[in-house]
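Colleague: I am new to this structure. Please take one part and walk me through it closely.

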Amino acid sequence: WEERDLLLARLLECKTFKDAARIIEELAGSASLCVPRRVGLDEQFLALTPDLLAGVDAAHLRLAFLKAVRPKPKAEVSLLHVTDVKANVADAIEELLDELPRAGSITFRALTSGLAERLEIVVRFLAVLELFKQGLVELDQPVSFGSLTIEWIGEESGRELALVGADLYEG
């Protein structure tokens with residue numbers, strides 16, 4: 001009975017869409033018979049319209065023409081705000097290998113509090129992920145978008161092996 005009911009529900013849904021399509025087709029057909037009005041204003045209303053060229057003289061037309069044909073200024077993209085920040089994951093891993101065993105457990109916010117550039121923060125995050133991949137740190141984030149806690153669980157021997165198998169990204 002359940003399969004029969006599902007099939008019946010699908011058939012009813014198909015019939016509903018078919019009926020809706022037929023009605024839309026009829027409405028489109030009746031709308032195509034409509035013709036817009038192609039005549040101007042009635043004679044009685046012509047006197048009420050304002051003169052669009054009132055107050056316009058040859059000097060105004062000349063200025064409008066010169067403004068219209070004046071070449072557009074070329075857009076110039078300034079690169080003064082771009083800085084050449086070089087950061088790589090290998091350096092960040094080395095810094096973390098020095099800092100994390102001493103800290104034991106630290107939040108990512110505290111770990112990146114001294115960094116100003118966004119790229120440096122991204123590289124530091126990639127380094128944390130690399131250390132997690134190698135099993136040297138444990139990550140904990142109790143709630144979505146919450147504070148990320150990094151806990152050092154590696155041994156001293158893991159410090160030397162961390163850079164050997166690391167995926168090194170250049171930024």
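Modeller: I will start with the whole chain, then go to the core, to two neighbouring residues, and to the pocket.

Keep in mind that this is a predicted model. The chain has seven helices and three strands. Read from the N terminus, the elements run α-α-α-α-β-α-α-β-β-α. Of the 171 residues, 17% count as buried. The chain exposes about 14300 Å². Carbon and sulfur atoms supply 60% of that area. Now take contacts between residues at least 6 apart in sequence: 61% of them join residues at least 24 apart.

Next, the core. In soluble globular proteins, nonpolar side chains tend to be buried together. Here, the largest nonpolar core has 19 residues. The residues with the most contacts inside this core are L96, L100, L111, L131 and I150. Four elements each supply at least two core residues: α4, α5 (108-111), α6 and β3 (149-152). The largest share comes from α4, with six residues.

Look closely at L111. Set aside its neighbours within four places in sequence. L111 then touches L96, L100 and I150, which are also among the residues with the most contacts inside the core. Its other contacts are E99, I106, R124 and V128. So the list holds charged residues as well as nonpolar ones: E99 and R124 count as charged.

Move on to T112. This residue sits in the loop between α5 and α6. Is T112 buried or exposed? T112 has 10% relative accessibility, and the limit for buried is under 20%, so T112 counts as buried. Again leave out the neighbours within four places. T112 is then in contact with I121 and R124. R124 therefore appears in both contact lists, that of L111 and that of T112.

R124 also leads to the pocket. Which residues line the largest pocket? They are K86, A87, N88, D91, A92, E95, L115, E120, V123 and R124. Two elements give two or more residues to this lining: α4 (89-103) and α6 (118-133). Both of these helices also supply at least two residues of the core. The volume of the pocket is about 170 Å³. By class, its lining has four nonpolar, one polar and five charged residues.

To retrace the path: L111 is among the core residues with the most contacts, T112 is buried in the loop between α5 and α6, and R124 is part of the pocket lining.

Notes:
Residues are numbered from 1 along each chain as its sequence is written. This is a predicted model: local features need pLDDT of at least 70, side-chain atom pairs count only at pLDDT 80 or more; totals for chains, interfaces and linings use all residues. Side-chain values use heavy atoms; hydrogens and water are left out. On a 1 Å grid over the protein atoms alone, a cavity is a set of points where a 1.4 Å probe fits but cannot get out, and a pocket is an open set with protein on both sides within 12 Å along at least five of seven lines; lining residues have an atom within 4 Å of a point. Grid points are joined across faces, edges and corners, and a volume is the space filled by probe spheres set on the points. A nonpolar core is a set of buried Ala, Val, Leu, Ile, Met, Phe, Trp, Tyr and Cys residues joined through side-chain atoms within 4.5 Å. Buried means under 20% relative accessible area, exposed over 50%, partly exposed in between (1.4 Å probe, protein chains only). Contact means heavy atoms within 4.5 Å. Accessible areas come from the Shrake-Rupley method with a 1.4 Å probe; for residues, only the protein chains shown count as cover.
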